[in-house]
Amino acid sequence: MIKRINFEIIPAQIFLFAFWLKNGFIDKVFGVALGALYPNNAAYRGDSWVGWESYITGNWNKSEVAHTLFSPVYNYLFPVIIILQCLPAILMIVAFLKGEFLTGVNMVFTKRAAIASLFVTSVLLFSQTISGAPDGQYLWQLLGLGMIVMMYIHYQATKNNQLINLHH
C-alpha cells in the first residue's frame, strides 16, 4: 500500500487544503460563528462579522475607488468571499475521498482545487490592489505560488501519463 501513495503530489495537496482550511473555515466560518455565539467574548471579536467588516472595509476605504465599489456591498460580498475561500479546501476533501493521493489516479479534483485557489487569490488580489491594502503583497506571492502549484500538478500528471480532463 505504501508504494501506491503518491508522495510527490501530497505536498501540493496539503498546501492547498491547509491554507484554505485556515483562511476559509477557521478564520471566516468558525470565526463568524463563534463571534455570533459569544458576542461579548473579546477573543472572538476580531473574527466576528463586524470584526471582519471593520478590517476589510477599513482596507477598502483607503482608496476612493475601492470604497465606492466594495464597501457599500460588504454584506453581500463577504458571504461570497467565505464560500470562495472554502471551495479549494472542499475540493481537496473530494480529491482525498476520490483517492487522488495514490499513484496512477487522475488528479481531477486536485487540479480543480488549484484552479479555485488561483481564482480566489485573484479576486482577493483585485480588491486589495485597488485599495492599496498591505494584504496585496502576500497575495501576489500566493498567486505566484499558486501558479507553480498548477504547473507542478500538471507536470506530475504528464509524468505519470495522466491526462487531466476537467470535463468528466
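In this predicted model, the charged end of lysine 28 sits over the ring of tryptophan 52, 4.1 Å from the ring centre. A second arrangement of this kind involves arginine 112, whose charged end sits over the ring of phenylalanine 109 at 4.8 Å from its centre. Tryptophan 52 is a good place to start a tour of the structure, as this residue recurs in several of the contacts described below.

Tryptophan 52 belongs to the buried residues of helix H3, together with Gly51, Ile56, Thr57, Asn59 and Trp60. Helix H3 itself covers residues 49-60. Over its 12 residues, the helix reaches 16 Å from the first C-alpha to the last, close to the 16 Å expected at 1.5 Å a residue. What do the buried residues of H3 pack against? Their partners are helix H1 (10-37), helix H2 (42-45), helix H4 (64-69), helix H5 (74-97), helix H6 (108-131) and helix H7 (135-159).

Aspartate 27, a residue of helix H1, also meets tryptophan 52. Leaving out residues up to four places away in sequence, aspartate 27 touches Lys22, Val32, Asp47 and Trp52. Is aspartate 27 buried or exposed? Its relative accessibility is 12%, below the 20% cut-off, so aspartate 27 counts as buried. The C-alpha atoms of aspartate 27 and glycine 46 are separated by 9.8 Å, with their positions 19 residues apart along the chain.

Aromatic residues offer another way to follow the fold. A pair of aromatic rings is described by the distance of the centres and the angle of the planes. The model holds 11 aromatic pairs. In one of them, tryptophan 49 and phenylalanine 78 have ring centres 4.9 Å apart and planes at 85°, so this pair is edge-to-face. The pair links distant parts of the chain, as tryptophan 49 lies in helix H3 and phenylalanine 78 in helix H5, 29 residues apart. The two partners can also be described by their exposure: tryptophan 49 is partly exposed, with a relative accessible area of 28%, whereas phenylalanine 78 is buried at 0%.

Phenylalanine 96 and phenylalanine 101 form a stacked pair, with 5.0 Å from centre to centre and 25° between the planes. Why does phenylalanine 96 count as exposed? Its relative accessible area is 54%, which means that phenylalanine 96 passes the cut-off of 50%. Which residues do ring pairs join into a cluster? The cluster consists of Trp49, Trp52, Tyr55, Trp60, Phe70, Tyr74, Phe78 and Phe126. Tryptophan 52 thus appears in this cluster and beneath the charged end of lysine 28.

Some further residues fill in the picture of helices H1 and H7. Phenylalanine 19 lies in helix H1. Apart from its neighbours within four places in sequence, phenylalanine 19 is in contact with Tyr138 and Leu142. Its C-alpha atom is separated by 9.4 Å from that of glutamine 85, 66 residues away along the chain. Alanine 36 is also found in helix H1, and at 59% relative accessibility this alanine counts as exposed. The C-alpha atoms of alanine 36 and proline 134 are separated by 28 Å, with the two residues 98 apart along the chain. In helix H7, one finds glutamine 156, which is buried with a relative accessible area of 2%. Glutamine 156 touches Glu8, Ile9 and Met107, again not counting residues up to four places away in sequence.

Taken as a whole, the protein has seven helices and zero strands. Of its 168 residues, 43% count as buried. Among contacts with a separation of 6 or more, 68% come from residues 24 or more positions apart. The C-alpha atoms fill a box of roughly 50 × 35 × 25 Å along the principal axes. The protein exposes about 9,500 Å², and carbon and sulfur atoms supply 70% of that area.

Finally, a word on confidence. The protein averages a pLDDT of 90, and 94% of the residues score at least 70. Confidence is highest in H5, at a mean of 96, and lowest in H2, at 74. Where pLDDT is low, the predicted coordinates should not be read in detail.

Definitions and conventions:
Residues numbered from 1 in each chain as written. Predicted model: local features only at pLDDT ≥ 70, side-chain atom pairs only at ≥ 80, totals over all residues. Heavy atoms only, no water. Helix = DSSP H or I, 4+ residues; strand = E, 2+ residues; numbered from the N terminus. Expected span 1.5 Å × (residues − 1). Buried < 20%, exposed > 50% of the residue type's maximum accessible area, 1.4 Å probe, protein only. Contact = heavy atoms within 4.5 Å. Phe/Tyr/Trp six-rings, centres within 6.5 Å; stacked < 30°, edge-to-face > 60°. Lys NZ or Arg CZ within 6 Å of the ring centre and 35° of its normal. pLDDT = per-residue confidence, 0-100. Areas by Shrake-Rupley, 256 points an atom, 1.4 Å probe, with all protein chains shown as cover.
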